[in-house]
Amino acid sequence: MYLSPLTDLAKVIQTKSTQRLSFSLTIATLLTSASWTLYGYQLRDPYIMVPNLPGILTSVIRLWLFWKYPQEQDRNYQLLQT
């Protein structure tokens, strides 16, 4: 769940477009991973904390990609608007 959106990392960097990544999935992954990590920290349970830390890390990487390469609108849609 955490690493699968990063499989397109090379294509995102090559095309300089994040159209292949889902922004809503990135936010959802960040929120759920952070919630579970905080819950595991509260319980002092490393079996909950440790598996969710990669979710936070990969979400931050994907958010950085969205910042560096903003999504462009679909070109076909732009042509229909004019």
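This is a dialogue about a predicted model of one chain and the reasons behind its labels.

Student: What makes up the chain, and in what order?

Tutor: The chain has four helices and zero strands. From the N terminus on, the elements run α-α-α-α. Of the 82 residues, 26% count as buried.

Student: Where is confidence highest, and where is it lowest?

Tutor: Helix 2, residues 23–43, is highest, at a mean pLDDT of 95. Helix 4, residues 75–81, is lowest, at 52. The chain average is 84. A pLDDT of at least 70 is reached by 87% of the residues.

Student: Take the loop between helix 1 and helix 2. Why is Ser-17 called buried?

Tutor: Buried means under 20% relative accessible area. Ser-17 has 10%, so Ser-17 counts as buried. Ser-17 is in the loop between helix 1, residues 9–15, and helix 2.

Student: What does Ser-17 touch?

Tutor: Leaving aside neighbours within four places in sequence, Ser-17 is in contact with Val-12 and Tyr-69.

Student: How do you know that the side chain of Ser-17 makes a polar contact with Gln-19?

Tutor: The cut-off is 3.5 Å between N or O atoms. The Ser-17 side chain reaches the backbone nitrogen of Gln-19 at 3.4 Å. That is within the cut-off, so the pair is a polar contact.

Student: And Lys-16? Why is Lys-16 called exposed?

Tutor: Exposed means over 50% relative accessible area. Lys-16 has 52%, so Lys-16 counts as exposed. Lys-16 also lies in the loop between helix 1 and helix 2.

Student: What is notable about the phi of Lys-16?

Tutor: The phi of Lys-16 is positive, about 55 degrees, although Lys-16 is not a glycine. Arg-44 is another case: its phi is about 60 degrees, and Arg-44 is not a glycine either.

Student: Where is Arg-44, and is Arg-44 buried or exposed?

Tutor: Arg-44 lies in the loop between helix 2 and helix 3, just after helix 2. Its relative accessible area is 62%. The mark for exposed is over 50%, so Arg-44 is exposed.

Student: Now helix 2. How do you know that its length agrees with its residue count?

Tutor: Helix 2 has 21 residues. At 1.5 Å a residue, the expected span is 30 Å. The end C-alpha atoms are 30 Å apart, so the two values agree.

Student: Which residues of helix 2 are buried?

Tutor: They are Thr-26, Thr-29, Ser-33, Thr-37 and Gly-40.

Student: What puts these buried residues on the same side of helix 2?

Tutor: They cover an arc of only 75 degrees around the axis, so they sit on the same side of helix 2. On the other side, Ser-24, Leu-31, Leu-38 and Gln-42 are exposed.

Student: What covers the buried residues of helix 2?

Tutor: The cover includes helix 3, residues 46–68.

Student: Helix 3 holds Ser-59. Why is Ser-59 called buried?

Tutor: Its relative accessible area is 0%. Buried means under 20%, so Ser-59 is buried.

Student: What does Ser-59 contact?

Tutor: Beyond neighbours within four places in sequence, Ser-59 is in contact with Thr-26, Thr-29 and Leu-30. With Leu-30 there is a polar pair: the backbone nitrogen of Leu-30 lies 3.3 Å from a polar atom of the Ser-59 side chain. The limit is 3.5 Å, so this is a polar contact.

Student: How far is Ser-59 from Tyr-2, in sequence and in space?

Tutor: They are 57 residues apart in sequence. In space they are 7.7 Å apart, C-alpha to C-alpha.

Student: Asn-52 is in helix 3 too. What makes Asn-52 buried?

Tutor: Asn-52 has 11% relative accessibility. Under 20% is buried, so Asn-52 counts as buried. Not counting neighbours within four places in sequence, Asn-52 is in contact with Tyr-2, Ser-33, Trp-36 and Thr-37.

Student: Which residues form the largest nonpolar core?

Tutor: That core has five residues: Val-12, Leu-21, Leu-65, Phe-66 and Tyr-69.

Student: What does Phe-66 touch?

Tutor: Not counting residues up to four places away in sequence, Phe-66 touches Thr-18, Leu-21, Ser-22, Phe-23, Thr-26 and Gln-71.

Student: What share of the chain's contacts join residues at least 24 apart in sequence?

Tutor: Among contacts between residues at least 6 apart in sequence, the share is 71%.

Key. Residues are numbered from 1 along each chain as its sequence is written. This is a predicted model: local features need pLDDT of at least 70, side-chain atom pairs count only at pLDDT 80 or more; totals for chains, interfaces and linings use all residues. Side-chain values use heavy atoms; hydrogens and water are left out. pLDDT is the predictor's confidence in each residue, from 0 to 100. Helices (H or I, at least four residues) and strands (E, at least two) are DSSP runs, numbered from the N terminus. Buried means under 20% relative accessible area, exposed over 50%, partly exposed in between (1.4 Å probe, protein chains only). A polar contact is a pair of N or O atoms within 3.5 Å; within protein, one must be able to donate a hydrogen and the other to accept it, and residues adjacent in sequence count only if both atoms are side-chain atoms. Contact means heavy atoms within 4.5 Å. The expected span of a helix is 1.5 Å times one less than its number of residues. The arc is that of the directions from the helix axis to the C-beta atoms. A nonpolar core is a set of buried Ala, Val, Leu, Ile, Met, Phe, Trp, Tyr and Cys residues joined through side-chain atoms within 4.5 Å.
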